[in-house]
Amino acid sequence: MEALASQEVACPVSYETSALGALVPAPSLWLCPRVCTSAPELLQPVVFFPQWEEISGVDENYKPIRTYQVCNVMEPNQNNWLQTGWIARRDGQRIFIELKFTLRDCNSIPGVTGTCKETFNLYYVESDADLGRSVRESKHTKIDTIAADESFTQGDLGERKMKLNTELREIGHLSKRGFHLGFQDVGACVALVSVRVYYKKCLATVQNLAVFPDTVAETAFATLVEVKGTCVAHAEVDVDNPPRMHCSAEGEWLVPIGKCTCGPGFEEKDGGCRGKSGRRCPLHNLIIQRLYGSQGYV
């Protein structure tokens, strides 16, 4: 996936359910200035507990969607897993995971006693290569137990109220080339609608006649990242006060310090240095002289 401002982020990965089949990269989520890497293998059930099902349907606005669902609430001791394909983290070390899902209210399911749950668990496992579909449960690291702010009932189904929940979690610092995500059901009636994975960076920008490159907001856990700027064409650095800015944890440029100034014969305009009005730039003079000789051109 490629392209996120502050979250600019390279979004290493964004998935959304689609009427076209399985969970697929969601172009609607690749908003500038974010960046997402090329999509890895699509979400798919793992081999050990394939009780999650891929279901086609429509949302409350009758828009076609595809979800992964599980609803084994009548039997105790459920342990049903869904795993993503391998996600290359690229430059990201601090990774954000946005989940969209629906969850059924246990009290609205007839005949259910203590076997129904209203949470599921989110895990990850780091690796330098795709681990395939046989990742052991013990290899995963738990990120969090996910609960719904709103759960739906049978009545909501009749009225086509989706009650979509959104939860955001983060992991890091990651050190290996990529990771898999795992979703563990322990007895809930849940539908996973969308998964979006990304990291944040400050986008390349020009400030005070200096260019600042894309910078990943990775040391955000502690402090700002100081970045040195490079003067634009025909500008010169102020040696006593060179241009610097700081990339924040949220992917925002802060605290601009120092500057560049336009060199002799140039003036600042539209964020760059241009030949002063009324005078042609030296390169223009040289071209004229070579074409026509010295004839008084200024």
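This passage walks through the nonpolar cores, the salt bridges, a surface patch and one buried glutamine. The model is predicted, so everything below describes that model.

Let's start on the inside. The largest nonpolar core is made up of 27 residues. Within this core, L99, L181 and F183 have the most contacts. Several strands chip in: β7, β10 (95-103), β11 (119-127), β12, β14 (178-185) and β15 (189-198) each give two or more residues. The top contributor is β10, which supplies 5 residues. L99 shows what such a spot looks like up close. Setting aside neighbours within four places in sequence, L99 touches F120, L122, I146, N165, T166, E167, F183, S194 and V195. One of these partners, F183, is itself among the residues with the most contacts inside the core. A separate core sits apart from this one and has 16 residues, including A210, V225, V227 and C273.

Next come the charged pairs. Across the whole structure, the search turns up 9 salt bridges. One of them joins D144 to R169, with 2.7 Å between the closest N and O atoms. This pair ties together distant parts of the chain, since D144 belongs to strand β12 (residues 141-147) and R169 to strand β13 (residues 165-171), 25 residues apart. D144 counts as partly exposed because its relative accessible area is 28%, which falls between the 20% and 50% limits. The pair is not on its own, either: D144, E167 and R169 are linked in a network of salt bridges. E167 also turns up among the contacts of L99.

A second bridge pairs R244 with E226, and here the closest N and O atoms are 3.9 Å apart. Again, distant parts of the chain are linked: R244 is in strand β23 (residues 244-247) and E226 is in strand β20 (residues 225-228), 18 residues apart. Both partners are partly exposed, R244 with a relative accessible area of 21% and E226 with 47%. A third bridge connects D270 and R274, whose closest N and O atoms lie 3.6 Å apart. D270 is exposed, at 64% relative accessible area, while R274 is partly exposed, at 43%.

Nonpolar side chains also show up on the outside. L224, L254 and V255 form a nonpolar patch on the surface, and together they have about 210 Å² of accessible area. L224 is found in the loop between β19 (215-216) and β20. With a relative accessible area of 34%, L224 is partly exposed, so this leucine clears the patch cut-off of over 30%.

Finally, there is a polar residue tucked away in a loop. Q78 lies between β7 (64-71) and β8 (80-83). Even though Q78 is in a loop, this residue is buried, because its relative accessible area is 13% and buried means under 20%. What does Q78 touch, leaving out residues up to four places away in sequence? The list is N72, D185, V186 and G187. With N72 there is also a polar contact between the two side chains, at 3.5 Å.

Conventions
Residues are numbered from 1 along each chain as its sequence is written. This is a predicted model: local features need pLDDT of at least 70, side-chain atom pairs count only at pLDDT 80 or more; totals for chains, interfaces and linings use all residues. Side-chain values use heavy atoms; hydrogens and water are left out. Helices (H or I, at least four residues) and strands (E, at least two) are DSSP runs, numbered from the N terminus. Buried means under 20% relative accessible area, exposed over 50%, partly exposed in between (1.4 Å probe, protein chains only). A polar contact is a pair of N or O atoms within 3.5 Å; within protein, one must be able to donate a hydrogen and the other to accept it, and residues adjacent in sequence count only if both atoms are side-chain atoms. Contact means heavy atoms within 4.5 Å. A salt bridge is a side-chain nitrogen of Lys or Arg within 4 Å of a carboxyl oxygen of Asp or Glu. Patches are made of residues with over 30% relative accessible area and no salt bridge: like charges are joined within 9 Å, nonpolar side chains (Val, Leu, Ile, Met, Phe, Trp, Tyr) within 5 Å. Accessible areas come from the Shrake-Rupley method with a 1.4 Å probe; for residues, only the protein chains shown count as cover. A nonpolar core is a set of buried Ala, Val, Leu, Ile, Met, Phe, Trp, Tyr and Cys residues joined through side-chain atoms within 4.5 Å.
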